[in-house]
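Here is a short, friendly tour of a protein and the ligand it holds. Take a moment to look at the sequence and the 3D view before reading on.

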Amino acid sequence: MTPRKDLLDIASLSDEEITFILDNAVPFKDLFRRSVKKVPTLKGRTMLTLFYEPSTRTRSSFEVAASRLSADVTHFDVEASSIVKGESVIDTIDTLEAMRIDYVVVRHKQSGIPNLIARNTRTSVINAGDGWHAHPTQALLDAFTLRERWPDLAGRRILIVGDIQHSRVARSTSHICRRLGMQVAYLAPGSLMPRETPPEIKIFGNWSDAWDWTPDVVYLLRVQSERLTEPFFPSAAEYHRHYGLTDDRLRILDQRALPLMHPGPVNRGVEITDAGMNYSRSLINDQVENGIAVRMSVLYSLRPEPL
Ligand code: CP
């Protein structure tokens, strides 16, 4: 397998590449249980995080991952940079190119920006989320978390609930789940369901029909208020009543012994309750921990173009 330069989405990865990244994340995760959690794999390399949108998990997860591989880590502070004075993304990249950065991790509200950057630099570009398009490392860490539970995912059913329309997580995670043989269903209000979805994906408008489908795992999405340009539902309370994981729905989840996932950050009282956050079968913290191992594996798998 020839190492690729960039990770921009799941669709462009071959099955072999997906398996390579997921398999190699296993020994990286084993490392976390050692007192010394660092290996010299990327010593002498530099990774830069370039986030035009806020992030808690993804940015810090990449920073920890790169540190554990002994890479140097730099954060480009967009707010304090010439970008606020109107510098274009490409001008910024030219500047970074001159600094001989090896990996740049990019998040941007506009779909396609990581792709544009990748075409204009020798640096390896990793998409940390672009608009509604893709969030490939979230999908990989979700797949890794699911594989820890079920080594063979073929035939397993994942129910993805919430704001599908605006969610790059829904797109990337449902894509990788299907590639790994899972059956995928979406549950959302009509106003937050994309007009076109792949025909293999089941569409539900209420929890009752979704429960009848007998999912193996429920994946809640964050309601992305910052992307909602118009009122897609009457109120947060109304959303919670019809589509959230209420205490009654949590009881069903528990009775069926189903695991629960969420990419974070959560809106307590909207898609999930405090009780949901304390659910014993929640995999949310596993997702966060696995994110580091998977991102180590991603950095390990990419090859920047030579200087
Ligand atoms: N899951 C995710 O992308 O979280 P952040 O927005 O905190 O990075």
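The notes below look at the ligand and its surroundings, then at two backbone details.

This is a predicted model, in which local features need pLDDT of at least 70 and side-chain atom pairs count only at pLDDT 80 or more, while totals for chains, interfaces and linings use all residues. Residues are numbered from 1 along each chain as its sequence is written, and side-chain values use heavy atoms, with hydrogens and water left out.

**Around the ligand**
- The residues surrounding the ligand (a heavy atom within 4 Å of it) include Ser-55, Arg-107, Gln-138 and Pro-263.
- This shell divides into two nonpolar, six polar and two charged residues, with Gly counted as polar, Pro as nonpolar and Arg as charged.
- Domain 1 (15-135 + 289-301) and domain 2 (136-285) each give at least three residues to the shell; the bounds come from an automatic or database domain assignment.

**Polar contacts and burial**
- For polar contacts (N or O atoms within 3.5 Å), look at Arg-57, where a polar side-chain atom lies 2.7 Å from a ligand oxygen.
- For Thr-58 the distance from a polar side-chain atom to a ligand oxygen is 2.6 Å, and for an N or O atom in the His-135 side chain it is 2.9 Å.
- Alone, the ligand exposes 260 Å², and the protein buries 91% of that (Shrake-Rupley method, 1.4 Å probe).

**Backbone details**
- Gly-264 and Pro-265 are joined by a cis peptide bond, with omega about -10°.
- Ser-70 is not a glycine, yet has a positive phi of about 70°.

Methods. A polar contact is a pair of N or O atoms within 3.5 Å; within protein, one must be able to donate a hydrogen and the other to accept it, and residues adjacent in sequence count only if both atoms are side-chain atoms.
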